[in-house]
2 protein chains.
Amino acid sequence: MKGGVMAEKIDLGKKVLSENDRLAGEIREKLSAHRIAALNFVSSPGSGKTSLLERTLAALKDELRIGLIAGDVQTENDANRLIKAGGRMVRPLVTGGSCHLDARMVSRVLPEMDIEQLDLLIIENVGNLVCPSSYDLGEDMKVVLISTTEGDDKPLKYPGMFRRSSIMVINKIDLLGTSDFDMAQVKANALSINANLKIFELSCRTGEGLDAWLDWLKQLVGEKRGE
Amino acid sequence: MKGGVMAEKIDLGKKVLSENDRLAGEIREKLSAHRIAALNFVSSPGSGKTSLLERTLAALKDELRIGLIAGDVQTENDANRLIKAGGRMVRPLVTGGSCHLDARMVSRVLPEMDIEQLDLLIIENVGNLVCPSSYDLGEDMKVVLISTTEGDDKPLKYPGMFRRSSIMVINKIDLLGTSDFDMAQVKANALSINANLKIFELSCRTGEGLDAWLDWLKQLVGEKRGE
């Protein structure tokens with residue numbers, strides 16, 4: 001009986017993921033056809049995904065046309081923060097209990113956005129270091145955030161997310177020294193899981209380190225446009 | 001086709017949860033028969049579950065017989081920290097990818113522990129503010145941790161976890177003032193979700209506020225023993 005439920009669970013899990021991959025492929029094609037760069041932001045709750053997006057909007061909103069999908073289990077708080085930060089094309093995506101976004105949810109929201117007017121689409125996932133790692137949303141790459149107030153062993157404890165991300169942003173560097181978080185150690189841990197990770201260190205509070213992130217983002221959009 | 005996968009998913013989800021509840025009931029009965037108090041620690045990755053357990057062990061290990069099950073997606077880092085902190089009955093529980101502990105995992109580990117020798121069992125769940133809320137592990141109550149370096153809107157954004165917890169521990173109060181985290185606001189938010197939450201404010205780093213937590217824990221164990 002127990003074994004039966006388990007086998008059923010695995011079969012259904014595979015079916016859900018393959019259906020998700022199919023939909024994600026459709027989204028990726030659509031975005032590519034319009035030369036839109038797409039990022040999927042993932043992290044623990046509270047690492048600073050929304051803060052980094054607020055900073056990014058404030059700096060680049062006149063230079064790039066940025067669309068944002070703000071995922072949350074409940075509330076539209078993040079979407080409201082992003083609109084306040086100057087986001088002109090922000091869509092909340094409330095999962096109503098689900099622990100991750102999936103491609104079906106994104107494909108439901110996308111038609112409400114005027115994507116022909118976009119240079120960059122950023123999807124802010126639900127705060128969760130486990131489940132969102134399994135769901136392709138049609139993005140070019142996942143950006144995983146970690147903050148210096150979490151433990152530096154997080155990449156080892158949640159390896160799936162760091163393996164499937166292309167970028168790691170280490171936020172809250174202004175709080176270095178308030179705990180035993182070791183910057184060299186967190187980078188070594190992350191690179192031991194994924195040697196290709198590109199790493200940014202910054203503080204959304206003080207602004208330190210933001211320029212390198214913004215420059216990289218502009219370059220990504222330029223490359224996508226074929227400039 | 002899509003609707004079919006969804007309906008199947010809901011049916012299987014119900015079956016998994018009802019099987020889990022049955023097993024959790026068995027665990028609860030077993031622990032109750034031995035008058036063992038049992039807590040299920042839940043939080044985001046990095047809120048300080050392991051740090052609070054280290055502090056708790058250091059203070060109470062000669063007074064209470066504490067058993068610990070340390071859940072993680074990967075690595076036995078937390079279990080090793082707890083053994084180092086003086087834990088004499090610590091069992092790692094590595095989920096190998098799963099985003100939460102379930103009653104089956106706990107019932108597999110429990111026979112390896114000499115539970116007749118215990119006053120208190122603490123289960124440290126996987127760091128995740130969503131999924132562990134749905135899985136009863138046979139505990140007396142869930143203890144949800146939140147830290148002052150996360151946003152004060154977390155209870156509103158992850159209401160399931162705060163609704164199903166009996167205790168909220170606000171950790172890292174030594175870092176108050178380094179962000180715009182508002183202590184009154186986080187409490188109001190949490191109590192709007194669950195008016196019965198008992199709240200502790202403390203710092204595992206400085207030790208501030210720990211006494212109230214330790215006193216409550218001793219009282220809980222005493223009540224369970226029928227003292």
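Reader: How many residues does the contact take from chain B and from chain A?
Author: Keep in mind that this is a predicted model. Two residues count as touching here if their C-beta atoms, placed from the backbone, lie within 7 Å. By that count the contact takes 39 residues from chain B and, from chain A, 40 residues.

Reader: Which helix of chain B gives the most to the side that touches chain A?
Author: Let's go through the candidates. Helix 1 (2-33), helix 5 (154-157) and helix 6 (159-163) of chain B are the elements that each put two or more residues into that side. With 8 residues, the top contributor is helix 1 of chain B.

Reader: And how do the residues on that side of chain B divide into nonpolar, polar and charged?
Author: Gly goes with the polar group in this tally, and Tyr with the nonpolar one. For the side of chain B that touches chain A, the split comes out as 14 nonpolar, 14 polar and 11 charged.

Reader: What kind of axis relates chain B to chain A?
Author: Chain B lands on chain A, with an RMSD of 0.0 Å, after a rotation of 180° and 0.0 Å of shift along the axis. That is the relation of a two-fold axis. The same surface serves both copies, too, with 100% of chain B's contact residues recurring in chain A. So the name you want is a two-fold axis.

Reader: Which strands stand at the edges of the sheet in chain B?
Author: The sheet in chain B is open and parallel, with 7 strands in the order 3-2-4-1-5-6-7. An edge strand has a single partner, so one of its sides is left without a neighbour in the sheet. In chain B that describes strand 3 (89-94) and strand 7 (198-201).

Reader: Which residue stands opposite Ala37(B) in strand 4 of chain B?
Author: Look at strand 1 (residues 37-42) and strand 4 (residues 120-124) of chain B, which pair in the parallel sense over 5 bridges. Across from Ala37(B), strand 4 of chain B has Leu120(B).

Reader: At about what angle does helix 2 of chain B run to strand 4 of chain B?
Author: Helix 2 (residues 49-60) of chain B lies across strand 1, strand 2 (66-72), strand 4, strand 5 (141-147) and strand 6 (167-171) of that chain. Helix 8 (residues 210-225) of chain B also lies across strands, including strand 7, and runs at about 140° to strand 1 of chain B. For helix 2 of chain B against strand 4 of chain B, the angle is about 160°.

Reader: Switching to chain A, what is the bridge partner of Ile69(A) in strand 4?
Author: Chain A has an open, parallel sheet of 7 strands, ordered 3-2-4-1-5-6-7. Within that chain, strand 2 (residues 66-72) and strand 4 (residues 120-124) run parallel and are joined by 5 bridges. The strand 4 partner of Ile69(A) is Ile123(A).

Reader: What is the radius of gyration of chain A, and why does it count as compact?
Author: Chain A has 8 helices and 7 strands. For 227 residues the globule rule gives 17 Å, and the value for chain A is close to that, so chain A is as compact as a globular protein of that length. Its radius of gyration is 18 Å.

Reader: What percentage of the residues of chain A count as buried?
Author: To count as buried, a residue needs 20 or more other C-beta atoms within 10 Å of its own. Of the 227 residues of chain A, the share that passes is 46%.

Definitions and conventions:
Residues are numbered from 1 along each chain as its sequence is written. Chains are lettered from A and ligands numbered from 1 in the order in which they are written. This is a predicted model: local features need pLDDT of at least 70, side-chain atom pairs count only at pLDDT 80 or more; totals for chains, interfaces and linings use all residues. Copies are superposed by least squares on the C-alpha atoms of residues with pLDDT of at least 70 in both. Helices (H or I, at least four residues) and strands (E, at least two) are DSSP runs, numbered from the N terminus. Two strands pair if DSSP finds at least two bridges between them. Axes are lines fitted to C-alpha atoms, for helices over the stretch in contact, and angles run from 0 to 180 degrees between N-to-C directions. The radius of gyration is taken over C-alpha atoms; the globule rule is 2.2 Å times the number of residues to the power 0.38. A residue is buried if 20 or more other C-beta atoms lie within 10 Å of its own, exposed if 12 or fewer, and partly exposed in between; C-beta atoms are placed from the backbone.
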